[in-house]
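Here is a short set of exercises to work through with the model open beside you. Each one gives a task and then a solution in steps.

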Amino acid sequence: MEPNNEQFTNSIGDAPLHRCQHSPHLATAAFSSSVAAASGDPRCGAQPRLDGTVRLSTDRLDASGDGVAGGSFPHCGRPPPLWPHPGGLLPNRRPLALRRSIFPCPRPRLASAREFARRRLRRSPSREQRYAPAAPRTMVGLSEGEKHFIRGGIAQDLRTDGRRRLQFRAISVETGVIPQANGSARVRLGATEVIATVKAELGKPSILHPDKGKVSIFVDCSPTAAPMFEGRGSEEFSAELCVALQRCLLGGKSGAGAAIDLSSLIVVDGKVCWDLYIDGLVVSSDGNLLDALAAAIKVALSDTGIPKVNVSLSATTDEEPEVNVSDEEFLQFDTSSVPVIVTLTKVGKHYIVDATSEEESQMSSAVSVSVNRHGQIRGLTKRGGAGLDPSVIFDMISVAKHVSRQFISVLDSEILAAEAAE
Amino acid sequence: MSAAATAGTYSPASSAGEKRRERKEELRRHLAEDADWPRADGRSFHDCRPAFMQTGPTTAASGSAYAEFGKTKVIVSVFGPRESKKAMLYSDTGRLNCNVSYTTFATPIRGQGTDNKEYSAMLHKALEGAVMLHTFPKTTVDVFALVLESGGSDLPIIISCASLALADAGIMMYDLVTSVSVSCFGKNIIIDPTSDEEAWQDGSLMVAYMPARKEITQLTLTGEWSDGKITNAVELCMDACSKLCDILRERLKDASSLAE
């Protein structure tokens, strides 16, 4: 097998097939894995007629984007394209100013500066408040051939990078990457890279729950990851990730099912508690951000040390207690109940784990299930517009539970290795 | 029929709620095993609040609907299909633009409703699978929801009300989308929770469902759930959704018979 397959091969193919016999997508698992093993390049084995003509690297997209745009530029040096917009490439990649200069046409001039300002004003408030459905992940420009290749590969249980449907990409974990934070981790899942940090600050518990600390989760998508994350573009997307993570990690309103026991964050009942700020940062995006972020948070939490606090209680209980934060002794979290998230992406009739952004662009819907070590479901989110049959959803949940067991054990051994390396 | 007579105006439904009480949904497929505490409004665990829904409260919109479930009151207007904004790129399918807002007096503490920023996105996700976007290329349908009073299960009611408003506007849909949420307390599942119940729940689950197509368009789950309970809760929600859908269809029939 390819080197990146060794890291994390799901064992569904060999051992527990009987568990999942009701799910048709697994039926060919054993067969096509043997195909992949037999031929050196799995892609050749799968679809030889497409090999060589279809490449799924991003530089190809950029190059042909150039071809579309630069056909009429003399400096471009490549022959003009036969067809102005080949395949499904985005015709509007070129900057607006350039387009106007090569197609000079009379266009209405703005009447005055005041008119211009008026138009700006009219447009600006709606942008902030409304939800515009242009999700960043639909921006992957693929030709018909490439789409067909991806869908066909998934149907044959042999994906474009040689993985099987229920196989993760190689995962690498690093802890303690941000010394400023109480705990931090970097997780790479193929070309997807995320950083999670945990910061603890002393705060006051809420009136409603005087015996509990507070945990908040934020996600930020850096523009370095993808150009569409610049400015407002990332806001909806990071809000979506943020809500999904909160749903999976914070549990119900009463605190049941939370990843972190909130009562362990209390220092003095009703007076002082730890506020935990969990921040996720998307450094590089190649699909499956939610799973990577959840894994990074799990690792970061296991890396987190909360300073030991000595409280000197004064005689009168009404006074603010004096708190002495130790900078030598740290307490570790019990992270055994922190769940991982497994996202099953449905492409055609089948579902895959750990989809790349090209594969995500072909999805009809995706279900993210958060599962803890004991196989208990702690949260669930559905993405994508298409409706799903209830039985398919239940099937996805059981598959996700199965896959999560493998994922958790891989993650655990990676955490141990990362801690040893530190 | 009072609903038919008052269609076209916005009627505060203090008396109309009584009329709907007979429609109280009988969801007793899973009898509560230990019904040891009464719910504040006298319902049993698997009883939904009486649903009052009506089309056409706003005349300026292409379609609109008002829904009142207990204390929760929601109004949804649908505009369009109309020309997409100039800044938008060309698209050969239509766009669905959803916005959920709360009035400042919707919540016990003034202005608290702005906490629910994600509702716009959730409403969009619940509806996009049902609307035939290819029937209005290059144009946008705007769905604006306003929560007049928040009394628990806000999002499911917004979704159901929005799909009634879309149907009222004549937007082509595969099916009406209805939505119901359940809360979990220990081993009990209670349907259609009020905001007090939501504040203390162990877990919650929301299903948006197209009853005729038997498809789930949106499913969210949070908190502590065991396996068997998820299955039960989803089935309970789907059953409630199909009953709610019957109510929606009746309202649409009322509106069309009035128009004739």
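**Exercise 1.** Which residue in β6(A) does Ser216(A) stand opposite?

*Solution.* Keep in mind that this is a predicted model.
- Start with the two strands: β4(A) spans residues 214-221, and β6(A) spans residues 272-284.
- Next, take the direction: β4(A) and β6(A) run parallel and are joined by eight bridges.
- Now look across from Ser216(A), and you will find Tyr277(A) in β6(A).

**Exercise 2.** Work out how β3(A) pairs with β6(A), parallel or antiparallel, and find the partner of Val198(A).

*Solution.*
- Locate β3(A) at residues 192-203.
- Follow the two strands: β3(A) and β6(A) run antiparallel, with eleven bridges between them.
- Then pick out Val198(A), whose bridge partner in β6(A) is Ile278(A).
- Putting this beside the first exercise, β6(A) pairs with β3(A) in the antiparallel sense and with β4(A) in the parallel sense.

**Exercise 3.** Describe the hairpin of β5(A) and β6(A) and say which residue takes a positive phi there.

*Solution.*
- Begin with β5(A), residues 266-268, which pairs with β6(A) over two bridges in the antiparallel sense.
- One bridge to check is that of Ile266(A), with Cys273(A) as its partner in β6(A).
- Between the strands lie three residues, and Gly270(A) takes a positive phi near 75°.

**Exercise 4.** Characterise the side of chain B that touches chain A, and find where a strand of chain A pairs with a strand of chain B.

*Solution.*
- Count the contacts: 31 residues of chain A are in contact with 40 residues of chain B.
- List the contributors on chain B: the elements that give two or more residues include α3(B) (119-128), β8(B) (203-210) and α6(B) (227-259).
- Nine residues, the largest share of this side, come from β9(B).
- Sort this side of chain B by class, and you get 14 nonpolar, 15 polar and eleven charged residues.
- Finally, turn to β12(A), residues 377-383, which runs antiparallel to β9(B) and is joined to β9(B) by three bridges. Here Leu380(A) stands opposite Leu221(B).

**Exercise 5.** Which residues of chain A does the UniProt annotation "domain: Exoribonuclease phosphorolytic" cover, and how much helix and strand do they hold?

*Solution.*
- According to the unreviewed UniProt entry, the annotation covers residues 167-307 and 338-401 of chain A.
- For residues 167-307, the chain is 21% helix and 36% strand, with its end C-alpha atoms 39 Å apart.
- For residues 338-401, the values are 25% helix and 41% strand, with the end C-alpha atoms 14 Å apart.

Methods: Residues are numbered from 1 along each chain as its sequence is written. Chains are lettered from A and ligands numbered from 1 in the order in which they are written. This is a predicted model: local features need pLDDT of at least 70, side-chain atom pairs count only at pLDDT 80 or more; totals for chains, interfaces and linings use all residues. Two strands pair if DSSP finds at least two bridges between them. Helices (H or I, at least four residues) and strands (E, at least two) are DSSP runs, numbered from the N terminus. Two residues are in contact if their C-beta atoms, placed from the backbone, lie within 7 Å. Ala, Val, Leu, Ile, Met, Phe, Trp, Tyr, Cys and Pro count as nonpolar, Asp, Glu, Lys and Arg as charged, and the others, Gly among them, as polar. UniProt positions are given in the numbering used here, feature names are shortened, and annotations may be inferred rather than shown by experiment.
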